[in-house]
Amino acid sequence: MTIPLAALDVLLFIYFIVLVAKTRRALREEYQIPHPGCCVGFVDVLTSVFCMSCSLSQMGRHTAEYKTYRAICCSDTGLPSHIYVEGVMEEQEGYTAMENKANIAKDVV
């Protein structure tokens, strides 16, 4: 019974590494972050394997600025619902252009 359980643990660990590496790659492309060295995806995989906690915290710091707004767990953007994020808010049902202008005005004032 312990061997199948160990195999499942290894498979889940590999799956999590792949998810973190793919997320790092997507963030690099989204924010146009240059790849260090010649092996493009290899650095992301190595970082995900040997320093996963560092990788996750780096991605979190890069995608949100927590000094301005506090982070919200389990939201579409990780930010409070009144904050406008281009491209995300338009996809939500019932969001109109008037609400968009009102939210931008609140954040500017």
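# Buried salt bridges and a nonpolar patch around helix H2

Val49 counts as partly exposed, with a relative accessibility of 31%, and this residue is found in helix H2. The model described here is a predicted one, and every value below is computed from it. Val49 belongs to a nonpolar surface patch together with Phe42, Val45, Leu46 and Phe50, whereas Ser48, also found in helix H2, counts as buried at 0% relative accessibility. The points below start with the chain as a whole and then turn to the patch, the salt bridges, two buried serines, the disulfide and a loop residue.

**Overall fold**

- The chain contains four helices and zero strands, so that, read from the N terminus, its elements follow the order α-α-α-α.
- The chain has 109 residues, of which 19% count as buried.
- The accessible surface of the chain comes to about 8,500 Å², and carbon and sulfur atoms account for 65% of this area.
- When contacts in the chain are counted between residues at least 6 apart in sequence, 39% of them join residues at least 24 apart.

**The nonpolar surface patch**

- The patch is formed by Phe42, Val45, Leu46, Val49 and Phe50, which together have about 470 Å² of accessible area.
- Val49 can be a member because patch residues need over 30% relative accessible area, and its own value is 31%.

**Salt bridges between helices H1 and H2**

- A search of the whole structure finds two salt bridges, and Arg24, Arg28 and Asp44 are linked by such bridges in a network.
- In one of these pairs, the side chains of Asp44 and Arg24 meet with an N to O distance of 3.2 Å; this pair links distant parts of the chain, since Asp44 lies in helix H2 and Arg24 in helix H1, 20 residues apart.
- In another pair, the side chains of Arg28 and Asp44 meet with an N to O distance of 3.0 Å; here too distant parts of the chain are linked, with Arg28 in helix H1 and Asp44 in helix H2, 16 residues apart.
- Asp44 counts as buried at 2% relative accessibility, Arg24 counts as buried at 9%, and Arg28 is likewise buried, with a relative accessible area of 9%.
- These charged residues are classed as buried because their values fall under the 20% cut-off for relative accessible area.

**Two buried serines, Ser48 and Ser55**

- The side chain of Ser48 reaches the backbone oxygen of Asp44 at 2.8 Å, and Asp44 is also the residue that forms salt bridges with Arg24 and with Arg28.
- Once neighbours within four places in sequence are set aside, Ser48 is in contact with Ile17, Val20, Ala21, Arg24 and Ser55.
- Ser55 has its place in helix H3, which spans residues 52-63, and this serine is buried, with a relative accessible area of 0%.
- The side chain of Ser55 makes a polar contact with the side chain of Arg24 at 3.2 Å, and Arg24 is in turn a member of the salt-bridge network with Arg28 and Asp44.
- Not counting residues up to four places away in sequence, Ser55 touches Val20, Arg24, Thr47 and Ser48; Val20 and Arg24 are also among the contacts of Ser48.

**The disulfide**

- The structure holds one disulfide, which joins Cys51 to Cys54 with an S to S distance of 2.4 Å.
- A disulfide is a covalent bond between the sulfur atoms of two cysteines.
- Both cysteines are partly exposed, Cys51 with a relative accessible area of 26% and Cys54 with a relative accessible area of 41%.

**Gln32 in the loop between H1 and H2**

- Gln32 has its place in the loop between helix H1 (2-31) and helix H2 (40-50), and these are the helices that the pair of Arg28 and Asp44 links.
- The phi of Gln32 is near 55°, which is a positive value in a residue other than glycine.
- Most residues other than glycine have a negative phi.
- Gln32 counts as exposed, at 69% relative accessibility, because exposed residues are those over 50%.

Definitions and conventions: Residues numbered from 1 in each chain as written. Predicted model: local features only at pLDDT ≥ 70, side-chain atom pairs only at ≥ 80, totals over all residues. Heavy atoms only, no water. Buried < 20%, exposed > 50% of the residue type's maximum accessible area, 1.4 Å probe, protein only. Polar contact = N/O pair within 3.5 Å; in protein donor to acceptor, adjacent residues only side chain to side chain. Contact = heavy atoms within 4.5 Å. Disulfide = S-S within 2.5 Å. Areas by Shrake-Rupley, 256 points an atom, 1.4 Å probe, with all protein chains shown as cover. Patch = residues over 30% accessible without salt bridge, like charges linked within 9 Å, V, L, I, M, F, W, Y side chains within 5 Å. Salt bridge = Lys/Arg side-chain N within 4 Å of Asp/Glu carboxyl O.
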